[in-house]
Amino acid sequence: MLKLSHISKTYQTGAETTHALNDVSFEINPNQLTVILGPSGSGKSTMLNILGGMDRPTTGSVTYDGDVINTESDRQLTEYRKKLVGFVFQFYNLISNLTVEENVAIAAQLLNKQYQQPTNDCLAQVGLQQRKQNFPDQLSGGEMQRVAIARALAKHPRILLCDEPTGALDTQTSQQVFKLLQASKNPQTAVVIVTHNPLVEQIADRVIRIRDGQVEKINEISAPLKVEEVDWG
């Protein structure tokens, strides 16, 4: 589905050059939960931004279903993000003056009907139908993250990108979120979780370890654990 080939990314600040990624290559496949695992500063978020079409590599190519996307126009990349990619971030990014239902609906309303999933169905998936008229400040952190997941799923994304999605949550609530994300993979959808937490690799179908902007190792997991089978400590 999505392939990175010899990706490098450098940032220039005055006379200083920072190499965020260096010759990175891997694939993201549907019906898999892929965990990108590495310490802070390893290049994880840069990698996620490139996968999501929010940033372009300095060198290398990003292909989606065989088409190179990193050389497309800004407008074409916007369409790629809008129609094909769902994002879940650490701090939810909900719109405070919209209800739960409206926060979920606004993502789907940007798209043609063929890409939409009914709002009530999305809220049912995350167990929040009864909270649809509440505002974000009336929810717990875990509930807000579940709304963010429902909002992403409302687009029927082909790629669901999650950047430290439980970083602000306690262990029990984190398990609920990971269970939702693990259930979100299907033959049309790939789920990617970027994290520094090594425990998360136990629920993955594929683990990509990165350090200092380079891929150290890629592990294919034949029998990933279910969330409830992991000892989360």
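Select L160 to begin: leaving out residues up to four places away in sequence, L160 touches G86, V88, A152, L153, L181, S184, A190, V191 and V192, where contact means heavy atoms within 4.5 Å. The model is a predicted one, in which local features need pLDDT of at least 70 and side-chain atom pairs count only at pLDDT 80 or more, while totals for chains, interfaces and linings use all residues. Residues are numbered from 1 along each chain as its sequence is written, and side-chain values use heavy atoms, with hydrogens and water left out.

**The nonpolar cores**

Next, extend the selection to I149, F178, L181, I193 and I203, which together with L160 touch the most other members of the largest nonpolar core, a set of 38 residues. A nonpolar core here is a set of buried Ala, Val, Leu, Ile, Met, Phe, Trp, Tyr and Cys residues joined through side-chain atoms within 4.5 Å; buried means under 20% relative accessible area, exposed means over 50%, and partly exposed lies in between, with a 1.4 Å probe and protein chains only. The elements that give two or more residues to this core are β3, α3 (100–109), α4 (119–125), α5 (141–153), β7 (159–163), α6 (171–184) and β8 (190–195). Helices (H or I, at least four residues) and strands (E, at least two) are DSSP runs, numbered from the N terminus. Colour α5 separately, since α5 supplies the largest share of this core, seven residues. A second, separate core holds 28 residues, and I7, L51, Y80 and I159 are among them. As general background, nonpolar side chains in soluble globular proteins tend to be buried together.

**Helix α5 and its two partners**

Keep α5 on screen and add α3: the axes of these two helices come within 7 Å and cross at roughly 30 degrees, the axes being lines fitted to C-alpha atoms, for helices over the stretch in contact, with angles running from 0 to 180 degrees between N-to-C directions. Helices α3 and α5 are therefore roughly parallel to each other, given that angles under 35 degrees count as roughly parallel, over 145 as roughly antiparallel, 65 to 115 as roughly perpendicular and the rest as oblique. The crossing of α3 and α5 is right-handed, that is, the near helix is turned clockwise from the far one by less than a right angle, whereas an anticlockwise turn would be left-handed. To display the contact itself, show V100, N103, V104 and A107 of α3 against V147, A150 and R151 of α5. The buried residues of α3 are V100, N103, V104, A105, A107 and A108, and what covers them includes α4 and α5.

Now replace α3 with α6. The axes of α5 and α6 come within 10 Å and cross at roughly 10 degrees, which makes α5 roughly parallel to α6. On the α5 side, G142, Q145, R146, I149 and L153 meet T173, Q176, V177, L180, L181 and S184 of α6.

**The loop between β2 and β3**

Move to Q32, which lies in the loop between β2 (16–28) and β3 (33–37) and is buried at a relative accessible area of 16%. Not counting residues up to four places away in sequence, Q32 touches K185, T189, A190, V191, D205, R206 and E220. N31 belongs to the loop between β2 and β3 and has a phi near 65 degrees, a positive value in a residue other than glycine; at 40% relative accessibility, N31 counts as partly exposed. Most residues other than glycine have a negative phi. Another positive phi, near 70 degrees, is found at Y92, in the loop between β6 (85–88) and α3, where Y92 counts as buried at 11% relative accessibility.

**A204 and the cysteines**

Select A204 in the loop between β8 and β9 (206–211); A204 is buried, with a relative accessible area of 0%. Leaving aside neighbours within four places in sequence, A204 is in contact with L33, V35, I221 and P224. A distance label back to the starting residue gives 14 Å from C-alpha to C-alpha between A204 and L160, which are 44 residues apart in sequence.

Finish at the cysteines. With a disulfide taken as a pair of cysteine sulfur atoms within 2.5 Å, the count comes to zero. C122 is in no disulfide, and the nearest cysteine sulfur, that of C162, is 15 Å away. C122 counts as buried at 0% relative accessibility, and C162 is likewise buried at 0%.
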